[in-house]
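Trainee: Could we go through this structure together? I'd like to know where the words for it come from.

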Protein chains: 2
Amino acid sequence: VIIALDAMGGDYAPEAAIRGAKEALNSYPEIRLLLVGHTKRLEPLLKENSLLGNDRIELVHAEETVMMNEPSISAIRAKKNSSITIAASIVKEGKADALVSAGHTGAAVAATTVKIRTIPGVERPAIAIIMPSEKGHFVIIDAGANVDSSPLNLAQFAIMGEVYAKKSLGIQNPRIGLLSVGEEDEKGNSVTKEAFRLISAMPINFVGNVEGKVIFQKYADVVVCDGFVGNVLLKSVESMKKATMYWIKEAFSKNTYRIAGAILAKQAFKELKQIGDNEAYGGAPLLGINGTCIIGHGNSSPKAFKNAIRAASDFAKIKLNDIISKRIQETGASFEILRERSNSNGN
Amino acid sequence: VIIALDAMGGDYAPEAAIRGAKEALNSYPEIRLLLVGHTKRLEPLLKENSLLGNDRIELVHAEETVMMNEPSISAIRAKKNSSITIAASIVKEGKADALVSAGHTGAAVAATTVKIRTIPGVERPAIAIIMPSEKGHFVIIDAGANVDSSPLNLAQFAIMGEVYAKKSLGIQNPRIGLLSVGEEDEKGNSVTKEAFRLISAMPINFVGNVEGKVIFQKYADVVVCDGFVGNVLLKSVESMKKATMYWIKEAFSKNTYRIAGAILAKQAFKELKQIGDNEAYGGAPLLGINGTCIIGHGNSSPKAFKNAIRAASDFAKIKLNDIISKRIQETGASFEILRERSNSNGN
């Protein structure tokens, strides 16, 4: 499996990317890597990591990098020679089986959408994230590929989320929920209300609106939402986890009894810390792109890069896109059909 | 202080409302209550709670109740004699100083907006919630009064949030942040991008976009967002808290060492559970309404009702609306001025 790695993307790139690449090469013998980035930056790092001359690595020069403060569109307008754009082109041309980037998410979405294009019938790609629930896991889709999703987009995310939950969580007939401000059918904003109507008409296991207050208790295996909402939710939960670990530490260090208790239960804290650890996944798939693309967390460590590379390799093998494509057709969820249905709803 | 209590609103109303009313009367001697609801339902409950004939209570009959599965507009269209609508009219007529409801939030927003109206210059009211941060507290506004806020609305929420943070958290010059998907100025959806421009132009301590990933680490004292996003965030965090308590319990009961540790640190768990306890606040103010209105949590217990009544009494006394009104003028954040500024931005 050949993976194109955007070596310049991420808060700690290119260092973390190169070290992650090295770990991946050591752990997964079937993987070859195309490292896309500025060769002047990458060559010294390869040398430092004893990777120079390694025949499972190839450097691909990219003159530019899309920076975090640039608009997403830079990837396809102002910086056509950026690492993410060149990496996307490589996948498009069939020179790599999958793409990994921990850089500017919007730029990765723009570059892959324009270069690789979406699965036929799919309008917009979406990021699917696996989250821990009280007694298992669930999928949030979209976790941030889009910031102004249409009802039609949300309906397609429902199908992509269903396929992903089946494959990644092994759930036979995933319950699909629409994230909203109340569980009643009438609750929601203008986009979710219309999405509700579209999703209701599809032959899937739609359980209706799901409120934030129950998502970790898992009333739905797939939670569908706009990428702005999903991203805020996902990151707030991360922030909450960090705060909770801080509060726990504070509470357990107040007096001798508590400190003794904490020492006895040391292992429990370690386990708690690991719940929802995003390093373990490394990255999330950008579903709906007609190719395999894994989006890493901006603050990806070498370990996260390694796991993202493994995820890309796994995804490239299971041919998820073929299943999504088939399911979009089966459920009448293609762009054209949904648009017609949406229009006939008076929108 | 006279409080109009929507006695029919809330998952456990009217029982929880009446028991909360009793607790409030016992604890706060300066309070008088107008209980609005169906007298046939309320009278037996008053009798049960030995409140019949109490001269600090008056029953006001309301033939109807807006149910959770009805649209918000019912409060002012189909059910003009609902408890929330009559309670709002009572405040409008000056017969009560404040309103408390734990019922249908949208209906409470609609009833108060139409009956009591907004503060001059303010287009839409917003719910302000106090949340715990790692080492303090911050305000989220809007936590669910609106589901499709305009950029102009968000700009006004910034001012109301500033006033609220000053008064409730005692912060001299609150840092105002706009919730978004990235900290860079360019990040956001169509609504937040325009809101960013409007808020930037106002003479307040605007710290720019705030990402979910730092909100509990408190980079902003006030986090401004649309009510759909705020509601999802607030409730997801509740759900996460519940899940975390479950995970902690599981982790600490796995073996004898951990159980012993848990017993030694028993008090620490109690303290953790109390962080962000919404019963303690009881309710959140609906800011921007030209009167005092406290929105309770749907699942309000008697204790939550009691605290919401206390909050209503406190708010009625501090004349927050006068300060908001003055601050809206000072900062050029009136509806008319913002609309003009927004139009000149090409929107």
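Mentor: Sure, let's start at a helix contact: W247(A), I248(A) and A251(A) in α7(A) meet A268(B), E271(B) and L272(B) in α9(B). The contact is five nonpolar residues, no polar and one charged. Keep in mind that this is a predicted model, where local features need pLDDT of at least 70, side-chain atom pairs count only at pLDDT 80 or more, and totals for chains, interfaces and linings use all residues. Residues are numbered from 1 along each chain as its sequence is written, chains are lettered from A and ligands numbered from 1 in the order in which they are written, and side-chain values use heavy atoms, with hydrogens and water left out.

Trainee: What makes residues "meet" in α7(A) and α9(B)?

Mentor: Contact means heavy atoms within 4.5 Å. Helices are DSSP runs of H or I with at least four residues, strands are runs of E with at least two, and both are numbered from the N terminus.

Trainee: How do the axes of α7(A) and α9(B) lie, at what angle and within what distance?

Mentor: The axes of α7 (residues 227-251) of chain A and α9 (residues 266-274) of chain B come within 9 Å and cross at roughly 145°. Axes are lines fitted to C-alpha atoms, for helices over the stretch in contact, and angles run from 0 to 180 degrees between N-to-C directions.

Trainee: Why is the link between K254(A) and E271(B) called a salt bridge?

Mentor: The rule asks for a side-chain nitrogen of Lys or Arg within 4 Å of a carboxyl oxygen of Asp or Glu. K254(A) and E271(B) are at 2.8 Å, N to O, so the pair passes. Across the interface of chain A and chain B, the rule finds six salt bridges.

Trainee: How much area is buried between chain A and chain B?

Mentor: About 5400 Å², with carbon and sulfur atoms giving 69%. F228(A), M240(A) and W247(A) supply 12% of what chain A buries there, more than any other three residues. Buried area is the accessible area (1.4 Å probe) that two parts lose on being put together, summed over both.

Trainee: What makes β5(A) and β6(A) a pair of strands?

Mentor: Two strands pair if DSSP finds at least two bridges between them. Six bridges join β5(A) to β6(A), so they qualify. They run antiparallel, and a hairpin joins them through two residues. I130(A) has V139(A) as its bridge partner in β6(A), while V139(A) also stands opposite V222(A) in β9(A). Three bridges join β6(A) to β9(A), and these strands run parallel.

Key. Nonpolar A, V, L, I, M, F, W, Y, C, P; charged D, E, K, R; others polar.
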